[in-house]
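Work through the exercises below with the sequence and the model side by side. Try each task before you read its solution.

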Amino acid sequence: MIFITVKFLVKPEWTERWPELTAGFTEATRAEPGNLWFDWSRSLENPNEFVLVEAFKDDAAAAHVQSDHFQQAMKDMVPALVETPKIINTVIEGEEWSRMGELTVE
């Protein structure tokens, strides 16, 4: 799978509106064939930082980046950002989350 994590540093005046700004993009991406997950989190240390964790089947990422909703989201996000987002994009084995062996809950 293609595993992607992106950190978005948002202007303080956009922080509370970020979920609304990205809602359509999130919904459309989750509906894409080959999307495995598309999950947003907010940093505990910096309330203006949002982290996106997403994954796609190997053959689905290109269609995602070329989609109309992706292209529109890239335009819509620019006014809300402090800086260019930071990204990790890599290919890993599997298509789902594994259990953490070091911490077992029974």
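**Exercise 1: Strand partners**

V6 has I87 in β4 as its bridge partner. Strands (E, at least two residues) and helices (H or I, at least four) are DSSP runs, numbered from the N terminus. This is a predicted model, where local features need pLDDT of at least 70 and side-chain atom pairs count only at pLDDT 80 or more, while totals for chains, interfaces and linings use all residues. Residues are numbered from 1 along each chain as its sequence is written, and side-chain values use heavy atoms, with hydrogens and water left out.

*Task.* Work out the strand order of the sheet.

*Solution.*
- Step 1. Start with β1 and β4. They run antiparallel and are joined by six bridges. Another partner pair here is I2 with V91 in β4.
- Step 2. Go to β3. It pairs with β1 in the antiparallel sense, over eight bridges. Here F8 stands opposite F50. Two strands count as paired if DSSP finds at least two bridges between them.
- Step 3. Write the order. The open sheet has four strands, β2-β3-β1-β4, with antiparallel pairing.
- Step 4. Mark the edges. β2 (35–42) and β4 (86–91) each pair on one side only.
- Step 5. Add the angle. Neighbouring strands are turned by 10° against each other on average, direction ignored. Axes are lines fitted to C-alpha atoms, for helices over the stretch in contact, and angles run from 0 to 180 degrees between N-to-C directions.

**Exercise 2: The cores**

*Task.* Find which elements each supply at least two residues of the largest nonpolar core.

*Solution.*
- Step 1. Fix the rule. A nonpolar core is a set of buried Ala, Val, Leu, Ile, Met, Phe, Trp, Tyr and Cys residues joined through side-chain atoms within 4.5 Å. Buried means under 20% relative accessible area, exposed means over 50%, and partly exposed lies in between (1.4 Å probe, protein chains only).
- Step 2. Find the centre. The largest core has 19 residues, and F8, V10, W18, F25, M77 and L81 touch the most other members.
- Step 3. Trace the sources. β1 (2–9), α1 (18–30), β3 (49–56) and α3 (68–77) each supply at least two residues. β1 gives the most, with four.
- Step 4. Look for another core. A second, separate one has six residues, including M1, W37, V51 and V53.
- Step 5. Check β1. Six of its eight residues are buried, so β1 is largely enclosed by the rest of the structure.
- Step 6. Inspect V10. Beyond four places in sequence, V10 touches T15, W18, N48, F50, A80, L81 and V82. Contact means heavy atoms within 4.5 Å.
- Step 7. Place α1. This helix lies across β1, β2 and β3, at about 165° to β2.

**Exercise 3: Salt bridges**

*Task.* How many salt bridges are there, and which residues form them?

*Solution.*
- Step 1. Apply the rule. A side-chain nitrogen of Lys or Arg must lie within 4 Å of a carboxyl oxygen of Asp or Glu. The count is two.
- Step 2. Take R42 and E16. Their closest N and O atoms are 3.2 Å apart. R42 sits in strand β2 and E16 in the loop between β1 and α1, so the pair ties together parts 26 residues apart in sequence.
- Step 3. Check their exposure. R42 is partly exposed, at 35% relative accessibility. E16 is exposed, at 64%.
- Step 4. Take D39 and R30. Their side chains meet at 3.7 Å, N to O. D39 is partly exposed at 36%, and R30 is partly exposed at 46%.
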